[in-house]
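Biologist: Please take a close look at a single part of this model and describe it in one connected account. I would like to know how the strands there are arranged and what surrounds them.

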Amino acid sequence: MAARRISTMLSRSLSLSSAATSLGRKYGLGRGMQRFSTGTAAVLEEPITPPVEINYTKLLINGQFVDSASGKTFPTLDPRTGEVIAHVAEGDKEDINRAVSAARKAFDEGPWPKMSAYERSRIILRFADLVEKNMKELAQLETWDNGKPFQQALTAEVPMFVRLFHYYAGWADKIHGLTVPADGPHHVQVLHEPIGVAGQIIPWNFPLLMFAWKVGPALACGNTIVLKTAEQTPLTALYVAKLFHEAGLPDGVLNIVSGYGPTAGAALASHMDVDKLAFTGSTETGKIVLELAARSNLKPVTLELGGKSPFIIFEDADIDKAVELAHFALFFNQGQCCCAGSRTFVHEKIYDEFIAKAKARALRRTVGDPFKKEIEQGPQIDSEQFQKVLGYIKSGIDSNATLECGGEQFGSKGYFVQPTVFSNVQDDMLIAQDEIFGPVQSILKFKDIDEVIRRANATRYGLAAGVFTSSVEKANTVSRALKAGTVWVNCFDVFDAGIPFGGYKMSGIGREKGIYSLNNYLQVKAVVTPLKNPAWL
């Protein structure tokens, strides 16, 4: 059930009479709280300091926390203020080499791939149990380093992290091969073997969940890992890595290097002794990663990249529910979600009413310190992303889209952006084409089902889509026609552990989560032996 809490957070709110009341009941909002308003310049109070110690800031190589070879560190910042939380060891090529050597030795000589699958599953389960005991501290650290609402981290993301490792622990002893009948007197067995040393690069928007999406299947299949964290959010991966070793993970199986993409990331992607690479991030960086992998040892690559997902609302929709779902689909996680419903297509018959209600909902959205229980939206991750979002807002205004609300910085400190809604958005505008990765809702008008399918597919991306309708016929027609890896019908952001996730077109290669994710970390081998006078074939 933990893996469904993000969608449950929304569905509970939809069951209540109004969005404001629903969120108030859900998060315990009191009267008189400060709400976002385009007409006031909000002043943020002194940020809450979470009661969590930062004990792990070094690189994890061969079971030990060590300084970088260069001795350099870099600051990880609090996005609420831009102030330094901690200084973290800055890994580069030499550190990647050390980590890969440790992972290679652990795979070739260590106990992990030779351990019974059942024992591997027990270690993963013990790790999940330790995470459950430390949920509050992990959620605090995730919010502090990332800026996402603490309630979101505590009640949805950390429980989902645990659920994912339970799921992959269950798979560890159920990975098996096949016996294939041959045309002649031969015995043919197909083995599914661990691929070896897996290089993994995770993003900053969901640090813990992306750790689970990558590490879970790789370990279940018996591989060893070198993982590079995002430089914006290195803290929680180091924390949970310590818990993994407490659970009994052998040294060298999981190595973590904090550092920057052009140095540590590039070294990992191009390393000749890495057997497999998995990357989540922007499409532009994904192209570089793929090229580096190809130019080195042609290692197979899994890519989960950007999106510009359509969210289609038909005229038969319950408008109040559609407004709330579309709001959630876009603004969740400060809009920093690769599958965000960032192109809201609304049928012309209900367009004007929808715009008015979407604007009102955005104006009710609570923005501020994410450690406060009533807050729905925290800051963007850093100054670069903050400026990028404001730049796209300016582009929307310059393109003559109608700015319904928002459009500016929220407060005067940190990287907060007002919840922003544009109407009269056209397909050729940048805000309708590019991945903004921020709290900017672009609402477009359509006339009929054929038109909206054509326009929804007219994008270089194909990660996800949403359809909101009371017609099963429309839902089936549109969901089959959309070129996207995931289509949510009358829901959004449902991320159960067993549901595969990945994109069409420039949204990526391969799938994560579910049974399909195991294929990323397995090598297939056919073993053929002759049979002498077999009783049967």
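Modeller: Two strands are taken as paired if DSSP finds at least two bridges between them. The model is a predicted one, and the part chosen here is an open sheet of seven strands. Their order is β14-β15-β16-β13-β12-β17-β18, with mixed pairing. The edges are held by β14 (402-405) and β18 (486-489); each has a single partner strand, so one side of each is left without a neighbour in the sheet. On average, neighbouring strands of the sheet are turned by 25 degrees against each other, direction ignored.

At one edge, β14 runs antiparallel to β15 (residues 420-423), and three bridges join the two. Within this pair, C405 stands opposite V421 in β15.

Towards the other edge comes β17 (residues 464-468), which is joined to β12 by three bridges, the two strands running parallel. I312 stands opposite V467 in β17. On its other side, β17 is joined to β18 by four bridges, again in parallel, and here G466 stands opposite W488 in β18. Strand β17 is mostly covered, as five of its five residues are buried. The cover extends to both faces: A464, G466 and F468 are buried on one side, A465 and V467 on the other.

Edge strand β18 also contains T486. This residue has a relative accessibility of 9%; buried means under 20%, so T486 counts as buried. Leaving aside residues up to four places away in sequence, T486 touches L463, A464, A465, P500, F501 and G502. Two of these contacts, A464 and A465, are buried residues of β17 that lie on opposite sides of that strand.

A helix also packs on the sheet. Helix α15 (residues 449-457) lies across β12 (310-313), β13 (343-347) and β16 (440-446). Its direction is at about 140 degrees to that of β16.

Finally, there is enclosed space to account for. The structure holds four cavities of 30 Å³ or more. The second largest has about 80 Å³ of space, and 14 residues line this cavity. G335, A340, S342, I436 and F437 are the lining residues closest to its centre. By type, the lining divides into eight nonpolar, four polar and two charged residues.

Terms used: Residues numbered from 1 in each chain as written. Predicted model: local features only at pLDDT ≥ 70, side-chain atom pairs only at ≥ 80, totals over all residues. Heavy atoms only, no water. Axes fitted to C-alpha atoms, helices over the stretch in contact; angles between N-to-C directions. Contact = heavy atoms within 4.5 Å. 1 Å grid on protein atoms, 1.4 Å probe; cavity = no way out; pocket = protein on both sides within 12 Å on 5 of 7 lines; lining within 4 Å. Points joined across faces, edges and corners; volume = space filled by probe spheres on them. Nonpolar A, V, L, I, M, F, W, Y, C, P; charged D, E, K, R; others polar. Buried < 20%, exposed > 50% of the residue type's maximum accessible area, 1.4 Å probe, protein only.
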